[in-house]
Amino acid sequence: MQPRNMSMSGVVDLAAVKAAGEAKAKAEQARAEAARQGGPSAVAPSALVIDVDEAGFERDVLQRSAEVPVVIDFWAEWCEPCKQLGPLLERLAVEYNGRFLLAKVDVDANQMLMQQFGIQGIPAVFAVVAGQALPLFQGAAPEAQIRQTLDQLIQVGEERFGLTGIAVDPEAGEAPAAPVPAGPYDALLEAAMSALDAGDLGGAVQAYKNVLSDDPANPEAKLGLAQAELLARVQDMDPQQVRKDAADNPADVHAQIAAADLDLVGGHVEDAFSRLVDAVRRTAGEERDAARLRLLELFEVIGPDDPRVTAGRQSLARVLF
């Protein structure tokens with residue numbers, strides 16, 4: 001799917017907003033004063049770029065938009081233009097030094113947000129200012145054009161809503177982060193492996209969840225949890241009956257999901273992915289979401305670097321968009 005350009009002005013005619021020098025100067029002074037005082041609102045430059053999901057959207061985007069314009073980058077791993085635009089937006093977020101916050105949303109994992117914003121293609125960039133959503137542009141726009149749009153967005157935030165941005169402490173990121181104690185995680189991961197070896201799938205699932213409760217991005221725990229949950233699902237299945245049900249009822253999403261789990265456990269990775277992509281293509285609503293979410297879970301089992309996952313994501317994108 002090729003990206004297409006959209007109006008850079010959005011719902012609000014940003015270009016029509018007159019310069020507000022006095023308001024802008026006051027906002028600059030407020031930011032500088034907050035930074036000098038080192039108040040609790042000061043953040044490290046790295047905190048200007050955040051990953052956002054559906055669960056945290058209200059807190060991380062809507063609430064934050066009351067103090068700073070939040071620019072939302074809707075992207076996906078399989079999207080080549082996203083790989084050009086994303087790093088550019090991240091660099092600009094740091095360069096603009098707290099005048100806007102960049103929120104990155106993976107559309108594969110957050111389909112509901114994509115639908116709520118009415119997105120037809122990615123990359124797509126929106127802004128939320130004081131709780132109001134503004135479409136900015138779609139596709140990998142030139143840097144000069146993006147800068148102009150950001151300047152206009154910031155001006156709207158300051159002039160119309162009094163948003164002064166967030167204070168940034170450039171030294172906050174210089175201190176080395178305290179090392180995460182390896183012992184507790186090592187012990188929990190070892191406990192999970194021991195539970196798997198003993199056939200205690202419930203225990204393994206819980207052990208991996210214990211790690212992720214403290215370290216949600218832990219790759220070993222994410223992979224282990226996906227694998228343990230898959231094994232737990234197929235543990236009591238009758239393979240012959242599951243495959244018969246899937247063959248007899250091609251429109252039954254849950255039958256296809258169960259068969260896809262068996263396909264993956266049996267090493268038929270492409271078959272599992274293809275089965276669920278077809279289920280997504282044929283269905284709508286809750287059934288479509290169920291097939292899509294299970295496919296994303298199976299991607300986690302195999303791992304993002306596997307070329308079969310890359311091909312599967314591309315196939316999923318074609319039926320979704």
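Me: Is Phe273 buried or exposed, and what about Phe299?
Reply: This is a predicted model, in which local features need pLDDT (the predictor's confidence in each residue, from 0 to 100) of at least 70, side-chain atom pairs count only at pLDDT 80 or more, and totals for chains, interfaces and linings use all residues. Residues are numbered from 1 along each chain as its sequence is written, and side-chain values use heavy atoms, with hydrogens and water left out. Buried means under 20% relative accessible area, exposed over 50% and partly exposed in between, with a 1.4 Å probe and protein chains only. By that rule, Phe273 and Phe299 are both buried.

Me: What average pLDDT does the protein chain have?
Reply: In the protein chain, 82% of the residues score at least 70. Residues 1–28 have a pLDDT that stays under 50. Over the protein chain, the average pLDDT is 80.

Me: How many helices and strands are there in the protein chain?
Reply: Helices (H or I, at least four residues) and strands (E, at least two) are DSSP runs, numbered from the N terminus. In the protein chain, the numbers are 13 helices and 5 strands.

Me: Which strand gives the largest share of the largest nonpolar core?
Reply: A nonpolar core is a set of buried Ala, Val, Leu, Ile, Met, Phe, Trp, Tyr and Cys residues joined through side-chain atoms within 4.5 Å. The largest one has 30 residues, and those touching the most other members are Val61, Ile72, Phe74, Phe117, Ile119 and Ile122. At least two residues each come from helix H2 (57–63), strand E2 (70–75), strand E3 (101–106), helix H4 (111–116) and strand E4 (124–129). With 4 residues, the largest share is that of E2.

Me: Which residues does Ile72 contact, leaving aside its neighbours within four places in sequence?
Reply: Ile72 is one of the core residues that touch the most other members. Contact means heavy atoms within 4.5 Å. With those neighbours left aside, the partners of Ile72 are Phe57, Val61, Ala103, Val105, Phe117, Ala124, Val125, Phe126 and Val128.

Me: How many residues does the other core hold?
Reply: This other core lies apart from the one with Ile72. Its members include Ala258, Phe273, Leu298 and Val301. The number of residues in it is 28.

Me: How are the rings of Phe74 and Phe117 arranged?
Reply: Rings of Phe, Tyr and Trp (its six-membered ring) pair if their centres lie within 6.5 Å; planes under 30 degrees apart count as stacked, over 60 as edge-to-face and the rest as tilted. By this rule there are 6 aromatic pairs. Since the ring centres of Phe74 and Phe117 are 5.2 Å apart and their planes stand at 55°, the pair is tilted.

Me: How many residues apart in sequence are Phe74 and Phe117?
Reply: Phe74 sits in strand E2, while Phe117 is in the loop between H4 and E4. Their pair links distant parts of the chain, and the separation is 43 residues.

Me: What kind of aromatic pair do Phe273 and Phe299 form?
Reply: Their ring centres are 4.9 Å apart, and there are 85° between the planes. The kind of pair is edge-to-face.

Me: Which helices hold Phe273 and Phe299?
Reply: The two residues are in parts that are 26 residues apart in sequence, and their pair ties these parts together. Phe273 lies in helix H11 (residues 269–282), and Phe299 lies in helix H12 (residues 285–302).

Me: Which cysteines form a disulfide?
Reply: A disulfide is a pair of cysteine sulfur atoms within 2.5 Å, and a search of the whole structure finds 1. Its sulfur atoms are 2.4 Å apart. The two residues are Cys79 and Cys82.

Me: Why is the disulfide of Cys79 and Cys82 right-handed?
Reply: One partner, Cys79, is buried at a relative accessible area of 3%, and Cys82 is buried at 5%. The disulfide is right-handed because the torsion about the S-S bond is about 80°.

Me: How far does helix H3 reach from its first C-alpha to its last?
Reply: Helix H3 (residues 80–95) has 16 residues. The expected span is 1.5 Å times one less than the number of residues, which comes to 22 Å here. Close to that value, H3 reaches 24 Å.

Me: What is the phi of Asn97?
Reply: Most residues other than glycine have a negative phi. Asn97 is in the loop between H3 and E3 and is partly exposed, with a relative accessible area of 44%. Although Asn97 is not a glycine, its phi is positive, at about 55°.
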